[in-house]
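New to this one? Take a look at the model first, then follow the notes underneath.

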Amino acid sequence: MQQRIIGFDLARAYAIFGMFVVNFNFSFGSLAAPTGPMGHFLNVFTGNSTAIFILCAGMGVSLMTNRPAYRPDEQAALKAKVLKRSWFLFAVGLLLYPWWSGDILHFYGGYLHVAAFLLFVPKRYYLWGALLAVAVFHLLLLLIPIGTGWDLTTYRYVDFWTPLGFLRNTLYNGWNSLFPWLSYLLVGMWLGRLNWQQAGTRRKVFGVGLLGFFLIQGLRLLVRQGLFSAFWSNYLMAEYTPAYLPFVLVTIAFALMVIPACMTIADRFPTHWLVVALQKTGQLTLSNYVIHLTLGNLLLAALTGKHYTGLLEDETPTAPAYILAYAAAFYAASVLFSYWWRRRFSHGPLEALMRKISG
């Protein structure tokens, strides 16, 4: 069990590094119009890191409730705990939103709110629910233009704080709206019900991920050869927004390779100093997420002489190599901070607050 937990934490540690790269690049780099090999390399992290972040959340929820049987009062207590955590994350995310318009925490709270009502259903329903979330998103695409509410020059959502705009953003066309991003949490909940102590489980999950990844990338290679119409080319090549089915599948497939790989590393080197340090980093994912968006962005703004807006870079983009170097340096500092903090405290700063509120 302990090695299994280490593996999950390693996956979270990878995910938070990817989010550092993507978010620093969004605010100060050339995320929307990458140039050169390094600029395109930074964009590789877009979507993949978020997918792992959300899948691990779903796995954590499943592991919290992964016993053969629960009494009704135990089920009610666990449901209440998940609901309280969902409300906490929702509130923190909304407080952060005026500073960082790409916040994921309030969406994350929404995913957990739905998950609270699905804690004890048979695991096959998680996969059906994931398919339904993607299907609902595609249905909404037929009814509401995907760009509704967006200022596409700055990527600011102009009517976020109105009832209709907030509902539209949360459910449909926000950065990580419930449809289709809830599908990642539900797939994660399904993964959390598997027996990860069996090496065969890891091989099968990795194999499915590898097959799915190369299938979608193979189709995208055919797109580059001009073998599809404009509609299907756009559909297959779309990245992050809109999150069409091929994007959802390829990012889930990537996560299905990374997570078993992290499990294997944790099995083989459970006491290695780097694995232990990254484990602590994964355990402080929530705190590290907020710290990099606040302190991290302020420090990068000072180093580059730019004005932080929380929106897409509107000045001369910072060089991709500089963004990557800064993200790596800030991540290294986060690893050291996480290791130091966990030697002194049981939980991270925000993690402890969430646990105190939710029980």
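Let's start with a tyrosine: Tyr 240 is buried, with a relative accessible area of 13%. Keep in mind that this is a predicted model. From that tyrosine we'll go on to its loop, then to the chain as a whole, and then to some helix contacts and single residues.

**The loop between helix 10 and helix 11**

- Tyr 240 sits in the loop between helix 10 and helix 11, and its phi is near 70°, a positive value in a residue other than glycine.
- Pro 242 belongs to the loop between helix 10 and helix 11, and the peptide bond leading into Pro 242 from Thr 241 is cis, with omega near 0°.
- Tyr 244 is also found in the loop between helix 10 (230–237) and helix 11 (245–268).
- Who does Tyr 244 touch, leaving aside its neighbours within four places in sequence? The contacts are Phe 137, His 138, Leu 141, Asn 234, Tyr 235 and Ala 238.
- If you want a sense of distance, try Tyr 244 and Ala 91: they are 153 residues apart along the chain, and their C-alpha atoms are separated by 28 Å.

**The chain as a whole**

- You'll be looking at 15 helices and two strands.
- For a chain of 359 residues, a compact globule would have a radius of gyration near 21 Å, and this chain agrees with that at 20 Å.
- Along the principal axes, the C-alpha atoms fill a box of roughly 55 × 45 × 45 Å.
- Of the 359 residues, 52% count as buried.
- Take the contacts with a separation of 6 or more: 78% of them are accounted for by residues 24 or more positions apart.

**Helix 6 with helix 8**

- The axes of helix 6 (residues 124–143) and helix 8 (residues 178–192) come within 8 Å and cross at roughly 170°.
- Why call the pair roughly antiparallel? Angles over 145 degrees count that way, so helix 6 and helix 8 are roughly antiparallel to each other.
- On the helix 6 side, the residues in contact include Tyr 126, Leu 127, Ala 130, Val 134 and Phe 137, while the helix 8 side includes Phe 179, Pro 180, Leu 186, Met 189 and Trp 190.
- How do the residues of this contact divide into nonpolar, polar and charged? There are 15 nonpolar, two polar and no charged residues in the contact of helix 6 with helix 8.
- Pro 180 has its place in helix 8, and a cis peptide bond with omega of about 10° joins Phe 179 to Pro 180.

**Helix 12 with helix 14**

- Here the axes of helix 12 (residues 273–283) and helix 14 (residues 320–342) come within 8 Å, crossing at roughly 85°.
- That makes helix 12 roughly perpendicular to helix 14.
- Among the residues that meet are Val 276, Leu 278, Lys 280, Thr 281 and Gln 283 in helix 12, with Tyr 331, Ser 334, Val 335, Tyr 339 and Arg 342 in helix 14.
- The contact of helix 12 with helix 14 divides into six nonpolar, four polar and two charged residues.
- Zoom in on Arg 342 in helix 14: leaving aside its neighbours within four places in sequence, Arg 342 is in contact with Lys 280, Gln 283, Leu 284 and His 347.
- Arg 342 and Thr 281 are 61 residues apart in sequence, yet 9.0 Å apart in space, C-alpha to C-alpha.

**Two more residues in loops**

- Lys 306 is found in the loop between helix 13 (285–304) and helix 14.
- Is Lys 306 buried or exposed? Lys 306 is buried, with a relative accessible area of 15%, which is under the 20% cut-off.
- Leaving aside its neighbours within four places in sequence, Lys 306 has contacts that include Phe 28, Ala 301, Glu 313, Glu 315 and Pro 317.
- Tyr 155 lies in the loop between strand 1 (150–151) and strand 2 (156–157); its phi is near 60°, a positive value in a residue other than glycine.
- Tyr 155 counts as partly exposed, at 23% relative accessibility.

**Cysteines**

- How many disulfides does the structure hold? It holds zero.
- Cys 56 has its closest cysteine sulfur in Cys 262, and 7.8 Å is too far for a bond, because a disulfide needs the two sulfur atoms within 2.5 Å.
- Cys 56 counts as buried at 2% relative accessibility, and Cys 262 counts as buried at 9%.

Notes:
Residues are numbered from 1 along each chain as its sequence is written. This is a predicted model: local features need pLDDT of at least 70, side-chain atom pairs count only at pLDDT 80 or more; totals for chains, interfaces and linings use all residues. Side-chain values use heavy atoms; hydrogens and water are left out. Buried means under 20% relative accessible area, exposed over 50%, partly exposed in between (1.4 Å probe, protein chains only). Axes are lines fitted to C-alpha atoms, for helices over the stretch in contact, and angles run from 0 to 180 degrees between N-to-C directions. Helices (H or I, at least four residues) and strands (E, at least two) are DSSP runs, numbered from the N terminus. Angles under 35 degrees count as roughly parallel, over 145 as roughly antiparallel, 65 to 115 as roughly perpendicular and the rest as oblique. Contact means heavy atoms within 4.5 Å. Ala, Val, Leu, Ile, Met, Phe, Trp, Tyr, Cys and Pro count as nonpolar, Asp, Glu, Lys and Arg as charged, and the others, Gly among them, as polar. The radius of gyration is taken over C-alpha atoms; the globule rule is 2.2 Å times the number of residues to the power 0.38.
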